[in-house]
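Subject: Structure handover

Hello,

Here is the structure you are taking over. Please open it before reading the notes underneath.

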Amino acid sequence: MKRLLIADLMRSEGERNEVLLQGWVRTRRDSKTFFFLEVNDGSCLKSMQVVVNEDAEGYADSKGVTTGASVSVKGRLVRSQGKGQMWEIQAESLELVGGADESFPLQKKRHSNEYLREIAHLRPRTNLFGAVFRIRSKLAFAIHRFFNDRQFFYVHTPIVTASDCEGAGELFRVSTLDPKSPPLTEDGEVDFKEDFFGRAAYLTVSGQLEGETYATALGNIYTFGPTFRAENSHTSRHASEFWMIEPEMAFCDLAADMDLAEDFVKSVIAEVMETCAEDLSLFFNFVDKELKQRLEFVLSRPFQRVTYTEAVEILLASGKTFDNRVEWGVNLQSEHERYLTEEHFKSPVTVYDYPKNLKPFYMRANDDGKTVAAMDVLVPGIGEIVGGSQREERLELLLENMKAHGISEEDYWWYVDLRRYGSVPHAGFGLGFERLLMFITGVGNIRDVIPYPRVPGHAEF
RNA sequence: UGCCCUGUAGCUCAGUGGUAGAGCAGGUGACUGUUAAUCACUUGGUCGUUGGUUCGAAUCCAACCGGGGCAGCCA
């Protein structure tokens with residue numbers, strides 16, 4: 001008999017015999033001569049009610065069938081006599097596969113997310129985390145579909161890298177040197193020439209620079225993989241290991257880049273709303289009452305687009321007093337971003353043309369001499385979700401910028417080469433996968449949308 | 001890295017200077033097509049740790065260790 005999934009059984013059109021259900025017991029309700037089991041197999045939010053009568057095989061030894069145990073049930077799928085579910089399984093036989101004693105930590109009640117983080121290996125067995133991680137999977141798939149449909153190629157940029165994509169944050173070093181007695185140079189410094197890769201190596205903070213090399217060959221590409229930042233950040237929106245999506249397009253300017261970012265965000269949200277309707281309903285009902293409305297609103301309206309200069313003017317004209325002073329030439333702070341998305345526009349906002357001095361060396365200089373062709377997409381509740389730019393494709397200007405930022409030309413010779421041979425205008429952006437998932441689910445902490453989150457001081461499991 | 005909050009039963013929390021509590025979970029029993037089942041009974045605690053103040057500390061103070069939030073850095 002082949003195992004059937006609850007997701008499929010729930011869509012049955014009629015009763016059926018010879019059903020094999022295998023999963024984990026969520027709860028058990030006993031009567032004198034029979035009992036009910038709520039069995040979840042992870043295939044969907046819903047659990048299947050199983051009715052075990054005293055004549056079912058295995059009824060006598062069913063004492064160990066308790067919350068958390070795994071079971072294998074053979075029986076018939078029948079219309080339920082009770083309210084609350086259309087289908088249930090009338091067990092013909094029940095087998096305890098793996099028991100769970102009274103120390104099983106998940107109870108038939110709500111647990112705090114903080115507690116569940118301590119048992120991250122068991123939390124996917126809860127409704128909330130099961131839903132988060134099914135949606136995470138569907139969202140990843142939607143992202144690949146989005147790019148594939150538009151003829152972007154998926155490029156696997158390296159995880160171990162020697163370049164640091166200046167401006168993207170602190171790096172984790174990758175080394176096999178003995179920390180107790182590393183080889184030293186004549187100056188007494190650690191000699192990384194002796195290290196595994198013959199040079200200093202790090203975990204990537206961005207695949208962008210390598211992505212540009214493939215965009216200027218294959219046309220439109222994207223990367224989608226893990227990135228690592230050794231920043232000592234303690235917020236609900238930062239993790240040391242997270243996944244990032246980075247499209248890069250040749251023959252593309254900032255306007256088209258912003259169009260793509262908006263199209264991307266809307267398309268994948270729309271797909272998830274369609275394919276994960278049941279799981280999303282849990283977030284709509286129990287996590288954030290305004291979530292549904294917010295997502296529908298995002299889909300139905302164009303993102304607001306303002307230049308950095310206009311954004312500053314809006315903030316100055318708001319009459320609000322901010323903790324951080326608003327002034328042209330300084331970064332927009334969280335409170336400013338929040339005002340723009342949550343109060344002024346009440347929708348996602350794309351801010352572009354940022355002051356040159358705030359941004360890294362690779363962004364393209366605008367003609368005004370003061371700004372660069374950079375853009376950020378800000379969303380209510382989360383802040384920055386996308387950061388992108390048109391890249392500087394003019395050799396002289398790029399070299400000038402590198403000098404100004406103290407970046408050595410020798411280290412980036414290959415990156416500069418793109419401007420020497422067949423240089424083209426090109427643009428791209430980076431989007432935090434987890435932040436998008438937070439926005440879609442309304443989950444407020446990045447540690448609850450990554451299976452095993454890594455943040456400063458924590459790498460359990 | 002800075003600022004703030006917090007730590008009491010397996011979980012969620014009350015107790016704010018005078019002999020440790022509730023709900024849920026767990027256990028036992030009853031009962032019923034139940035569904036966060038219900039009803040009765042019941043087990044369960046070095047009050048994060050160490051030190052201090054006090055006749056007396058879960059309660060006040062300090063340090064340390066956990067957990068959380070906000071800000072900066074960014075995605």
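The notes below cover the RNA strand, the nonpolar cores and one helix.

This is a predicted model: local features need pLDDT of at least 70, side-chain atom pairs count only at pLDDT 80 or more, and totals for chains, interfaces and linings use all residues. Residues are numbered from 1 along each chain as its sequence is written, chains are lettered from A and ligands numbered from 1 in the order in which they are written, and side-chain values use heavy atoms, without hydrogens and water.

RNA strand B is surrounded by 54 residues (a heavy atom within 4 Å of the strand); the closest are S31, K83, N232, H238 and R435. Of the strand's atoms that come within 4 Å of the protein, 50% belong to sugar and phosphate. A backbone N or O atom of S31 lies 2.8 Å from a base oxygen, and one of D30 lies 2.4 Å from a base oxygen. In E88, a side-chain N or O atom is 2.3 Å from a base nitrogen.

The largest nonpolar core (buried Ala, Val, Leu, Ile, Met, Phe, Trp, Tyr and Cys residues joined through side-chain atoms within 4.5 Å) has 67 residues. Its largest share, twelve residues, comes from helix α3 (residues 127-149). Another core, of 30 residues, lies apart from it and includes L395.

L395 is also in helix α10 (residues 395-404), where L395, L398, N401 and M402 are buried (under 20% relative accessible area, 1.4 Å probe, protein chains only; exposed is over 50%). These four cover an arc of only 130° around the axis, so they sit on the same side of α10. The face turned away carries the exposed E396, E400, K403 and A404.

Regards

Conventions
Helices (H or I, at least four residues) and strands (E, at least two) are DSSP runs, numbered from the N terminus. The arc is that of the directions from the helix axis to the C-beta atoms. A polar contact is a pair of N or O atoms within 3.5 Å; within protein, one must be able to donate a hydrogen and the other to accept it, and residues adjacent in sequence count only if both atoms are side-chain atoms.
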